[in-house]
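Hi,

Here is the structure I said I would pass on. Have a look at it, and then read my notes below.

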Amino acid sequence: MQIKQALTKIVGAENVSDDPEALLSYSKDCSLSTPRAPNYVARPKNTDEVQKVVKLANESRIPVVPCSSGIHFYGNTIPNLGGIMLDLGRMNRILEFDLYNKMVRVEPGVTWGQLQSEAPKHKMMGLGPLLPHPLKSVLTSHLEREPMLIPKFEYAGSMVTIEAVLPDGEVFRTGSACVPGFPDKSLAEGVNPGGPGYLSYNWLLQGAQGTMGVVTWAKVKLAPRPKIDKTFFIPFEQLEDAAQLVYNVQRRMIGEECLILNSVNLAAILTKKWPQDYDNLRRILAPWTVILVSGGGWRRPEERIEYEEDGLREAANELHIPELPTSLPSLPGIERDLPGMLRNAWPEKKTYWKFASQGACQDVFFYTTLNRASEFVSVMSQVAAENGYCIDDIGFYVQPMEYGRSCHFECNFPYNPGNPDDVAMIYNLHAEAAEAAIDMGGYFSRPYGVVADMVYDRAASYTTALKKVKQLFDPNNIMSPGRLCF
Amino acid sequence: MSIPREAYQTLQSIVGPEWVSDDPAICEADRYCSLSSPSDEQRRPGCSIEPASTEEVQAIVKVANRYKIPYVCTSTFYSAGTYARKDDSILIDLKRMNEIEIDEKNLYAIVGPGVAFSALQADLLKRGLITFVPGCGGNSSVLANTVNMGDAPIGWRYGLGYQRLLGVEWVLPDGEMLKMGSLSMSDDYFWGEGPGPDLRGLLRGCAGHQSRLGIVTKIGVKIFPFVSEELEPMGWAFHSFMKLPPNRFKWYNIRFYSREDAINAMFEIGRSEIGLVVMTVPPIFRSVARTRGVGCGGFWEAWKENGPKIKPNQEDLRVLLYGIGSDKRLEYEEKVLLDIVKDFGGSPREAPCRDETNFMAADAICANVVGGRFSSEVSYESINQAVRYSRVVNEITEKYKPRILEDYGTTNWVCPYELGYIAKMECLRMSSVENRDALDKWHDDVHKFCATGGGSTIFPEDEIFGPVWGNYPEKEAKIRALFDPNHVSAPQ
Ligand SMILES: Cc1cc2nc3c(=O)[nH]c(=O)nc-3n(C[C@H](O)[C@H](O)[C@H](O)COP(=O)(O)OP(=O)(O)OC[C@H]3O[C@@H](n4cnc5c(N)ncnc54)[C@H](O)[C@@H]3O)c2cc1C
Ligand SMILES: Cc1cc2nc3c(=O)[nH]c(=O)nc-3n(C[C@H](O)[C@H](O)[C@H](O)COP(=O)(O)OP(=O)(O)OC[C@H]3O[C@@H](n4cnc5c(N)ncnc54)[C@H](O)[C@@H]3O)c2cc1C
């Protein structure tokens with residue numbers, strides 16, 4: 001009772017709840033993680049309130065789990081050990097569009113739907129992952145290091161500076177945002193991520209799944225929105241060949257969005273009428289498609305697309321690829337619509353593409369290099385088959401990173417959440433697929449749920465150092481306990 | 001002998017007697033690095049040791065911990081800060097660890113600390129790839145530079161040092177090993193962060209720890225696509241350069257008579273995503289470059305004559321256009337640049353199509369040519385901040401003239417990176433040897449302003465910045481205590 005009263009004093013009665021029904025909605029998500037309910041939900045409206053809640057949690061030794069998105073996929077906001085669910089959804093202001101520096105400063109509750117509809121007014125676009133859920137938080141996408149669709153940016157730098165409430169309740173600003181008076185009364189514009197001093201706090205908080213502090217705003221990069229685009233859909237029978245084209249293209253540093261999808265995922269994304277369009281598309285689309293959007297940029301857009309197209313043609317010639325289609329079969333107008341689609345969140349009224357075919361979807365994703373991607377397709381398919389999963393239903397998504405230096409490799413296993421046998425099978429399949437990928441050298445830089453144990457068991461020296469650092473920042477282990485290796 | 005005998009014998013057995021020495025002559029030579037001004041702070045090490053492998057480094061560090069002997073490491077020994085600050089330290093010279101592996105397809109190289117930029121660059125250029133060459137020169141270590149700084153003008157296109165670090169193998173101050181990124185789980189350096197929270201955040205902020213937090217023994221470092229045409233070396237020192245293929249590169253010098261126009265042009269070049277290098281050219285840099293070979297006196301004579309002629313609001317931009325992938329791209333970049341220059345009223349002039357500093361061995365010529373003493377204030381923030389901050393620095397400089405030598409307000413350099421997302425501002429000031437204290441006071445004033453409202457500096461002093469910048473020194477001290485319980489890693 002005492003904690004509820006204290007929370008009420010901080011955020012107001014209407015923003016606290018211990019009603020079992022309200023708690024239930026936070027106890028499970030779209031993943032297969034075991035449901036666990038929090039004891040309380042608190043919905044703060046500003047940094048000050050967040051700080052007070054974190055201090056209260058320290059005094060009372062009760063866990064705090066922040067959540068920013070309106071939807072959750074990977075079980076990483078499930079309160080493993082109960083405690084206070086800190087729902088940051090009310091902190092949903094876009095604090096500033098900084099157009100000189102091509103950045104935006106957002107609170108945690110700002111969604112992709114919100115940002116991607118505002119950014120075009122400033123001739124900008126957010127650097128987002130593939131078709132994010134409209135309720136997904138922009139801040140946590142960058143915080144969790146989700147892969148961006150445009151491989152020409154240095155991925156390590158998309159989140160520039162942040163304000164965070166550290167686990168001991170201290171409000172701390174990173175990089176050059178630490179200067180007193182930021183943002184209004186200092187010359188600094190908060191664009192240098194390093195420090196303050198000789199550490200990078202941004203990095204320590206990124207990928208932490210809420211274990212190292214609560215981020216209350218972040219300044220993140222935008223990109224100039226191209227004036228016009230030309231989209232290419234290059235079909236392949238084999239993933240190796242698709243990967244080779246991506247290498248050739250990225251080496252020339254051309255294009256904006258660049259990704260590889262198999263027919264299952266491409267069909268799920270482009271289907272308008274379920275299920276007939278979907279079945280048809282799966283049949284007629286090539287097994288693999290490289291999608292490359294050539295953007296006209298800011299000036300002389302036609303000329304830019306012209307040299308990019310020449311470059312693409314040259315890259316394709318080296319591989320004896322005769323044609324560079326700018327359309328897809330039975331999808332008229334898609335070349336016109338796709339860039340806009342990729343620069344937006346998934347439409348709010350449409351069932352999320354990953355869930356559309358069977359109702360739910362389990363993902364396995366990790367980093368590898370493009371030349372190894374096809375090996376992973378074979379092994380993931382083999383593990384799926386061994387578990388009785390229909391391999392034709394697996395979605396694959398290969399996202400080249402940083403000029404093709406590496407790639408985010410993702411397998412999507414759609415399944416029927418209403419069928420207990422399916423759920424049990426997927427549960428196993430997920431674990432076995434992750435294990436097999438790790439054995440082959442797939443790198444899980446963001447290990448969620450059961451994968452975290454597999455990863456930290458292997459990364460011995462990293463785990464030891466990480467635990468020391470966590471102990472230093474969060475001596476009472478109140479921030480999202482039970483997650484990662486903590 | 002000042003290092004305990006037992007410890008020294010163990011060191012000998014680790015690397016073999018020929019690779020460790022306590023000969024005073026050898027140790028004295030390892031007292032000063034190339035660019036530091038001799039002072040009492042620099043102590044002659046008690047011994048100098050050259051390990052050949054990570055295992056040897058780890059063993060040396062464990063011995064240092066067992067006997068509580070301070071150690072400091074050097075990779076190629078160029079930095080002004082590389083020296084022992086305590087008597088009887090072990091100087092660990094890593095130059096033998098000079099393996100290079102290149103993954104051409106996936107754009108990264110794996111390097112040990114002894115690999116200099118020039119060695120890596122030579123291997124890369126043959127394959128149509130490049131790395132950076134920082135202003136301090138091609139002779140410095142890729143690893144030490146990337147871990148500690150990592151700044152060069154081609155960062156306009158390819159980012160700064162902290163973004164180039166991939167997998168890292170790190171011997172912590174107590175001798176424990178930490179492997180980061182993809183290397184944490186397999187023998188693969190291709191990806192840098194995690195798993196989970198990214199401990200590369202311990203390795204460096206805006207700059208690195210300068211060996212105060214253990215020794216990095218290997219890193220994966222990003223390399224970048226480049227043209228496949230051969231670059232032809234020409235000339236003789238001091239006037240050596242590489243000819244760039246004119247169908248792929250073009251240098252422009254552009255003069256603006258309004259600083260605002262120059263800055264706005266720079267933003268617009270960024271939004272248009274062209275160029276490999278974009279920067280302002282402080283007139284004094286140009287004068288220094290032109291007086292190579294005539295020595296310090298020659299420079300000052302020329303400067304006294306030319307300096308006053310510089311118009312106060314004049315700003316020159318230097319832009320290297322980059323036709324990567326095709327000649328047509330270079331044509332596109334040139335058209336866009338000339339459009340922008342026209343829109344902002346600049347006058348462009350094409351410069352010779354060659355390179356002295358960006359791909360070849362750069363050299364920090366200012367430091368050497370003008371003689372006397374120099375101090376510099378370096379800040380990484382936005383282009384706007386660079387311009388406003390440099391105005392304040394100019395005002396502070398006025399207070400110290402003539403002891404700080406007349407620069408006519410022209411020594412502030414704005415060098416933006418990442419297509420304009422971030423920019424460096426470097427303000428260089430000079431004095432005679434006798435007036436060195438004026439530089440110190442100037443620097444102090446600049447930093448006091450910087451701490452409370454200016455923004456960002458590369459090497460903050462804890463006393464000035466700590467209390468107003470979130471008490472970061474306390475956090476660092478806790479991290480150091482955690483990983484360096486015996487306080488042996490380059491203690492200050
Ligand atoms: C199309 C699509 C594709 C996706 N693909 C991927 C993918 O490939 N890989 C992937 O990982 N995810 C992917 N996601 C989902 C998304 O990455 C995860 O859902 C998200 O990162 C996890 O957050 P969440 O939505 O569960 O909760 P969020 O509320 O967004 O929280 C994310 C994590 O950060 C913590 N947190 C929340 N707010 C804060 C804060 N303010 N300060 C500190 N910590 C905080 C939470 O405790 C949690 O651990 C995808 C989503 C979509 C829609
Ligand atoms: C005049 C001048 C101009 C400069 N200009 C630039 C510039 O334009 N761009 C730029 O990026 N930098 C510049 N610098 C700084 C430069 O980055 C460093 O001096 C450079 O990295 C030193 O190179 P080094 O390889 O010889 O390092 P060292 O002198 O060997 O070491 C540098 C520091 O790192 C530590 N260190 C060395 N090896 C390791 C290791 N393996 N693990 C952990 N710590 C280690 C050393 O103890 C030392 O503190 C300049 C310096 C000077 C003096």
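Helices here are DSSP runs of H or I at least four residues long, numbered from the N terminus. With that in hand, one thing to keep in mind throughout: this is a predicted model.

Let me begin with a small example. In chain B, helix 8 covers residues 259-271, and both Arg271(B) and Glu268(B) belong to it, three residues apart, or about one turn of the helix. Their side chains form a salt bridge, with the closest N and O atoms 3.1 Å apart. Are these two residues buried or exposed? Under 20% relative accessible area is what counts as buried. Arg271(B) has 16%, so it is buried, and Glu268(B) has 9%, so it is buried too.

Chain A has a pair to set beside that one. Glu375(A) and Arg372(A) meet through their side chains in a salt bridge of 3.1 Å, N to O. Here Glu375(A) counts as partly exposed because its relative accessibility is 36%, and Arg372(A), at 21%, counts as partly exposed as well.

Over all chains, a search of the whole structure turns up 71 salt bridges. Some residues are joined up in a network of them: Lys152(A), Glu256(A), Arg304(A), Glu308(A) and Glu273(B).

Now for how the chains are divided. Chain A has domain 1 (2-89), domain 2 (91-224), domain 3 (229-342) and domain 4 (360-445). Between the C-alpha centres of domain 1 and domain 4 of chain A there are 31 Å. Chain B is split into domain 1 (5-93), domain 2 (100-225) and domain 3 (237-453).

Domains 2 and 3 of chain B are worth some time. Their C-alpha centres are 27 Å apart, and the contact involves 23 residues from domain 2 of chain B and 32 residues from domain 3 of chain B. About 2,000 Å² is buried between the two, with carbon and sulfur atoms giving 61% of that area. Which three residues supply the most on the domain 2 side? They are Pro153(B), Trp156(B) and Arg157(B), which supply 42% of the area that domain 2 of chain B buries against domain 3 of chain B.

There is polar pairing here too. The count between domain 2 of chain B and domain 3 of chain B is two salt bridges, and a salt bridge of 3.2 Å, N to O, joins the side chains of Lys424(B) and Asp151(B). Twelve residue pairs are in polar contact between these domains, with both residues at pLDDT 80 or more. On the side of domain 2 of chain B that touches domain 3 of chain B, helix 4 (117-125) and helix 6 (155-158) of chain B each supply at least two residues. Helix 6 of chain B gives the most, with four residues. By type, the residues of that side are 14 nonpolar, seven polar and two charged.

A stop at helix 14 of chain B, residues 436-454: its buried residues include Trp442(B), His443(B), Asp445(B) and Cys450(B). The buried residues of helix 14 pack against strand 19 (373-381), helix 13 (383-400), strand 21 (422-431) and helix 15 (462-465) of chain B. After helix 14 of chain B comes Gly455(B), with a positive phi near 135 degrees.

Last, the place where the chains meet. How many residues of each chain are in contact? Chain B brings 94 and chain A brings 91. The buried area between them is about 8,300 Å², and carbon and sulfur atoms give 60% of it. The count between chain B and chain A is 14 salt bridges. In one of the salt bridges, Lys335(B) pairs with Glu303(A), with 2.8 Å between the closest N and O atoms. There are also 53 residue pairs in polar contact across the interface, both residues at pLDDT 80 or more. Helix 11 of chain B gives the largest share of the side of chain B that touches chain A, eight residues. That side divides into 43 nonpolar, 26 polar and 25 charged residues.

Another salt bridge links Asp343(B) and Arg299(A), with the closest N and O atoms 2.9 Å apart. This pair crosses between chains, from helix 11 (residues 327-343) of chain B to the loop between strand 13 (288-295) and helix 10 (301-317) of chain A. Arg299(A) counts as buried because its relative accessibility is 14%.

Cheers

Key
Residues numbered from 1 in each chain as written. Chains lettered and ligands numbered in written order. Predicted model: local features only at pLDDT ≥ 70, side-chain atom pairs only at ≥ 80, totals over all residues. Heavy atoms only, no water. Domains from an automatic or database assignment. Contact = heavy atoms within 4.5 Å. Buried area = accessible area lost by both parts, 1.4 Å probe. Salt bridge = Lys/Arg side-chain N within 4 Å of Asp/Glu carboxyl O. Polar contact = N/O pair within 3.5 Å; in protein donor to acceptor, adjacent residues only side chain to side chain. Nonpolar A, V, L, I, M, F, W, Y, C, P; charged D, E, K, R; others polar. Buried < 20%, exposed > 50% of the residue type's maximum accessible area, 1.4 Å probe, protein only.
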